[in-house]
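Please examine the sequence and the model shown here before reading on. The account proceeds from the overall form to selected elements.

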Amino acid sequence: MIILTNNLNSDYHIVTNTNASECERFAATELAKYLYKSTLCSIPYFSDKCKKRGKEILIGKNSRYDYNEQIKNAYDKIYNDLNSLSDEAFIIREIDNEDIIIVGNSPRATLYAVYHFLELAINFKCFTFDCEKWDEKEIIMFDSLDIVFDFPFEYREAYFTDAWNSSFASKNYLNSNLADLSNKLGGKTKWYNFHHSFSDLINPNEYFDSHPEYFSMIDGKRIKEHTELCLSNPDVLNIVVKKVKQWIKDNPECKVFSVAQDEWMGHFTRMACECENCKKIDEENGSQSGSIISFVNKIAKEINKEYPDKLIHTFAYQFSRKAPTNVIPDKNVIVRLCNIECSWSNPLRVSASKNPGGRDDLFLQDLHSWSNMTNRLYIWDYAVNYRNYLLPFPNIRSMADNIKLYKAYNVKGILMEGNFSQGGKGYLDELKSYITARLLKNPNYDLNELIKEFCNAYYEDASPYIIEYLNLWEDAVKPYELWLYDDSDHPMFTDENLDKAGKILNQALQAVKNKKEIFKRVNNVFLSYYYAKITRLPLDTKYRNEMIDDFIMQVRTQGITELFERTSLDFSINVLKNSRYAKERKDWYSLYYIMK
Ligand SMILES: [Zn+2]
């Protein structure tokens, strides 16, 4: 039995090495801080320069190892156990009911270990950057402590505005590319660039006029607009190798470099090169991923000669989603498979088995093929409606099941993309960020428990209503498909369901009317209902414009900056006023800002 604290007393001291990294020292202070908040018992933290005065919580490795035989043996065993695990793996282990060792394979892993320990000790949870909870405890005790933990996915990213808050990311074990994870938080695997990059590698504006042969040939003609690269052209290969090497030279701290097809917003027709040579490779491979993987492998081989620790990322997206049959990705190539064509109303395995040959089944087949040919398969998944950020997008149950599915298919990294605009706050963004993070730590967590603990903490007295509201849409969507670009004329939005939703959310608001901060959170959820409601009103409805003005006022109060993906608020307001279901978006243009 280990008794860490008992009624304001503790026999323990927290200890790090005098020369511990900034991250390990931060881990120790976090441990002391939250244990104090929970128990009001202050456990002293000092370095191993001080001599051992009693029981200790040892964070990371320290000089106790050098002269205490028992501690040395315990550490040796721990490092032996950690040896076969990832850089982020950690162990929490007691020595004979006395000292506790908390250590990981890297400083960040040690910080993760501390947060994991706090979960066990005081039920510590970080739900959003401004909502953390823990139990108030008089006694913290354990029957025994022996935890060996490694992450099911090596790359974990909740791609939501609020989830990039560094404190939230770190406390939720997200090693996000876009979160600001400094050395204090253990850093991260840095990506130099993250997505579509062909036109960064060879820009058509710079090269097309002199070298049209570098770009896609469609119907016998080289194209400059909405183009990709001619991947069988040897000059293209040379230029790209040179450019990637330059990127690496200029950014030595980065590990992953993207060599990936372009995306031209709104253009989903033929873009990949169909010249004789490219076509031949693609035909041999039964997919346009054939020329991409062949090309990216050549880049990866060249880079590997000089930089064996660097990785090259590419997409399996839209025209390249189907895996090639004749070539497999090199070991230092990350393939990121995107499921943008799928439906999110039901888990992929359910919808695939119900509708063989349908779009979800086809995706599952592609997932299967890719997973058989690479150990570096990542997934780019989606969790919001991009045409209507606020419109209820009930994908929570399917998301939980799909993450389990990805794990079963040996996927190594997941990015869950939600509303990433400056102001964020799409439909239940905060809840989805939290659930994503938890399931990327452990896909077997009970979804209903996660929803409940989040809603109780974040929405307080409104929690049962918010859960009722989200279940209303999760149930309503099941008979239908759910796409990323549906409008409010989707069949789940019936007048009856909207009436129910309105009643539930009015009760929710009522329940927290005296708590300003919580009211604001519930009001954000209310806006998802309000958006569906007003966009469905016929244009000649009396006071429709006034309702839209009222809605927009609330949107601004919430700090929301976008209603449609990458679209100015003014443009969106105009659409709402002039088009039922916000359908007509004439002269729409993308604010294609850079995500860094
Ligand atoms: Zn070509």
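The paragraphs below describe the whole chain, then one strand and its surroundings, and then two helices.

The model is predicted. The protein contains 20 helices and 18 strands. Its C-alpha trace extends over about 80 × 65 × 40 Å along the principal axes. A compact globule of 596 residues would have a radius of gyration near 25 Å, and the 26 Å of the protein therefore agrees with that expectation. Of the 596 residues, 47% count as buried. Among contacts between residues at least 6 apart in sequence, 68% join residues at least 24 apart.

Strand S2, residues 12-16, offers a point of entry into the fold. Four of the five residues of S2 are buried, so this strand is largely enclosed by the rest of the structure. S2 pairs in the parallel sense with strand S4 (residues 55-59) over four bridges, and His 13 stands opposite Glu 56 of S4. S2 also pairs in the parallel sense with strand S3 (residues 45-47), here over three bridges; Ile 14 stands opposite Tyr 45 in S3.

The connection from S2 to S3 brings in helix H1, residues 22-39: S2, H1 and S3 together make a right-handed β-α-β unit. At 1.5 Å a residue, the 18 residues of H1 should span 26 Å, and the end C-alpha atoms of H1 are 26 Å apart, which agrees. The buried residues of H1 include Cys 23, Phe 26, Leu 31, Tyr 34 and Leu 35, as well as the charged residues Glu 24 and Arg 25. The cover over the buried residues of H1 includes its partners in the unit, S2 and S3, together with strand S1 (2-6), S4, helix H4 (107-122) and strand S9 (139-142). Leu 40, which follows H1, has a positive phi, near 60°.

Helix H13, residues 396-408, may be read in the same manner. H13 has 13 residues and reaches 19 Å from its first C-alpha to its last, close to the 18 Å expected at 1.5 Å a residue. Its buried residues are Ile 396, Arg 397, Ser 398, Met 399, Ala 400, Asn 402, Ile 403 and Tyr 406. What covers these buried residues of H13 includes four helices, H11 (348-354), H14 (429-441), H15 (447-458) and H16 (463-477), and the strands S17 (377-382) and S18 (413-417). Just after H13, Asn 410 adopts a positive phi of about 65°.

Notes. Residues numbered from 1 in each chain as written. Predicted model: local features only at pLDDT ≥ 70, side-chain atom pairs only at ≥ 80, totals over all residues. Buried ≥ 20, exposed ≤ 12 C-beta atoms within 10 Å, placed from the backbone. Helix = DSSP H or I, 4+ residues; strand = E, 2+ residues; numbered from the N terminus. Pairing = 2+ DSSP bridges. Right-handed = clockwise from strand over helix to strand, strands pointing away. Expected span 1.5 Å × (residues − 1). Contact = placed C-beta atoms within 7 Å. Rg over C-alpha atoms; globule rule 2.2 N^0.38 Å.
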